[in-house]
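User: I would like to learn how to read the features of a structure model, one at a time. May we work through an example together?

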Amino acid sequence: MSEKFDVVVIGAGPGGYVAAIKSAKLGMKTAVIEEREVGGTCLNRGCIPAKAMIHASTLYREIKEADRFGISASDVTYDFEKILEYKEQTTGQLVQGVEQLLQANGVTRYYGKGTLFEGKKVKITGNEEQFVEAENVILASGSKPLILPIRGMDLPRVLTSDELFKLSEVPKSLVIIGGGVISVEFATVYSALGSKVTILEAMPRLVPNMDKEIAQNLKLILKKRGVESHTLAAVQGVHMEGDTCVCTFVEKEKEQTVEAEYVLCAVGRCPNTDGLFAEGAAPDMERGRVLVNDKFESSIPGVYAIGDLIFGAQLAHAASAQGIVVAEQLAGKEPSVNLDVVPGCVYTDPEIASAGITEDAAKEQGIKVKTGKFIMSANGKSLITKEERGFIKIVADEETDVILGAQMMCARATDMIGEFVTAIANKMTVAQLLKGMRAHPTYNEGIGEALEEAEGGAIHVVPKKKK
């Protein structure tokens with residue numbers, strides 16, 4: 001006889017394991033099914049290993065440039081094998097931590113592939129097949145790299161992010177198809193380690209979902225570090241000439257080619273529904289994604305979907321927040337997280353972060369706004385660390401003073417964006433957010449300056465001359 005649970009979660013990525021732990025904390029008998037390591041793509045093949053490599057490669061670049069601080073370092077080298085070991089140790093520690101959390105919270109952990117059957121029964125295919133029954137099922141199987149339907153994507157040297165992580169040597173050269181977050185972060189890593197990197201982006205600018213000024217600055221910074229970027233570049237295909245990948249693309253109606261040791265396809269991710277549904281058990285779907293209502297319930301009562309399986313932001317923290325909200329709803333509680341405000345972060349150098357809407361988006365929606373912008377070259381902490389390049393920009397409703405959005409490109413932007421997420425989620429005004437004193441010297445002072453500028457004039461900004 002199959003065991004029965006209040007909640008069964010299929011997938012133990014950042015959405016699934018958080019949903020399982022929260023469900024258990026709220027008193028529900030919970031199980032989670034995962035065929036690979038817990039933590040999903042984020043901990044094992046995405047966020048965490050990528051950021052570990054960014055940290056290592058940035059540290060290497062900074063040591064080489066230490067002379068600007070009066071420190072001499074000669075014959076600076078790196079050991080890529082040890083960088084990979086450090087990456088794996090970091091990932092392993094976090095995975096082990098999640099396993100311990102599941103166990104400590106009384107979540108039953110099943111190893112194997114979870115498949116949804118009719119009647120909210122779930123088959124687990126592992127060392128042996130077994131079924132469990134659930135009052136509620138949460139689908140959280142995540143996503144996998146999207147492969148472009150063009151010639152040459154199946155060649156051995158054309159990689160996805162999953163396969164790039166497995167390389168034991170730094171590529172001498174790398175072409176990256178796509179200019180989004182995954183692309184620019186890998187470009188940051190491998191260019192710092194000595195690769196010749198070329199980015200091909202089909203849209204008019206890099207990180208197209210970010211503020212236009214951020215995209216422009218990022219392209220210039222990457223160019224200074226040796227990364228060549230082509231925008232409005234439509235990739236036609238890849239072929240091999242010996243051990244060299246030749247990538248053909250059209251830019252400004254002219255066909256061009258670029259050669260590299262490897263090609264990375266980084267055009268995004270798609271839902272991982274392989275083997276997720278038994279015949280006749282799939283909910284309503286559209287373009288491979290599960291359709292859900294405002295409570296994340298699918299067309300099958302009691303079956304919910306979160307994270308990369310549904311339409312919306314494909315971000316680990318968004319999936320985690322959705323998992324918390326679904327668990328709370330199942331326990332009869334009000335959601336504790338505002339899911340409307342999702343921060344976006346890019347871990348380049350300088351870092352990039354945003355929340356809410358941009359000035360251009362506000363104008364398109366017919367909202368009259370006021371902005372406050374502070375250039376970080378006037379920030380004391382930025383001068384100390386010589387990370388002067390960048391800015392913080394606030395977008396607020398002109399009539400109500402309510403903060404609508406923020407865009408940041410500066411040191412520690414990904415850590416500081418949380419202040420704006422809280423402000424936007426709580427509909428705080430510029431004046432209200434200004435009430436909090438900020439320590440000196442900190443990067444965070446830049447937020448106060450941008451807020452002051454939105455209110456009529458920052459202390460450390462030279463006022464514009466009146467005409």
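User: Leaving aside its neighbours within four places in sequence, with which residues is V38 in contact?

Analyst: Please note first that this is a predicted model. Apart from neighbours within four places in sequence, V38 is in contact with A12, L43, N44, V95, V98, E99, L102 and R109. One of these contacts joins distant parts of the chain: L102 lies 64 residues away from V38 along the sequence, with 9.7 Å between the two C-alpha atoms.

User: Where does V38 lie with respect to the helices and strands, and is V38 buried or exposed?

Analyst: V38 belongs to the loop that runs between β2 (30–34) and α2 (40–45). Its relative accessible area is 0%, and a residue under 20% counts as buried, so V38 is buried.

User: How should I read a sheet, and in what order do the strands that include β8 stand?

Analyst: In general, the strands of a sheet pair through backbone hydrogen bonds, either parallel or antiparallel. Here, five strands form an open sheet with parallel pairing, in the order β8-β15-β9-β10-β11. At the edges are β8 (158–159) and β11 (228–230); each has a single partner strand, so one side of each is left without a neighbour in the sheet. Two bridges link β8 to β15 (residues 262–265) in the parallel sense, and V158 stands opposite V263 of β15. Helix α6 (residues 181–192) packs on this sheet, where it touches β9 (173–177), β10 (196–200) and β15. The directions of α6 and β10 make an angle of about 165°.

User: Which strands form the antiparallel sheet, and in what order?

Analyst: That open sheet has five strands, ordered β20-β21-β24-β23-β22. Its edge strands, β20 (344–346) and β22 (369–375), each pair on one side only. From one strand to the next, the twist averages 10°. Six bridges join β21 (residues 351–356) to β24 (residues 403–410) in the antiparallel sense, and G356 has G405 in β24 as its bridge partner. Helix α7 (residues 212–224) packs on the sheet and touches β21, β22, β23 (391–397) and β24. The direction of α7 makes about 5° with that of β24.

User: What is the volume of the second largest pocket, and which residues are closest to its centre?

Analyst: The volume of the second largest pocket is about 840 Å³. Among the 31 residues that line this pocket, T58, R61, E62, D349 and E387 are the closest to its centre. Helix α3 gives the most to the lining, with 10 residues. By class, the lining has 12 nonpolar, four polar and 15 charged residues.

Terms used: Residues numbered from 1 in each chain as written. Predicted model: local features only at pLDDT ≥ 70, side-chain atom pairs only at ≥ 80, totals over all residues. Heavy atoms only, no water. Pairing = 2+ DSSP bridges. Helix = DSSP H or I, 4+ residues; strand = E, 2+ residues; numbered from the N terminus. Contact = heavy atoms within 4.5 Å. Axes fitted to C-alpha atoms, helices over the stretch in contact; angles between N-to-C directions. Buried < 20%, exposed > 50% of the residue type's maximum accessible area, 1.4 Å probe, protein only. 1 Å grid on protein atoms, 1.4 Å probe; cavity = no way out; pocket = protein on both sides within 12 Å on 5 of 7 lines; lining within 4 Å. Points joined across faces, edges and corners; volume = space filled by probe spheres on them. Nonpolar A, V, L, I, M, F, W, Y, C, P; charged D, E, K, R; others polar.
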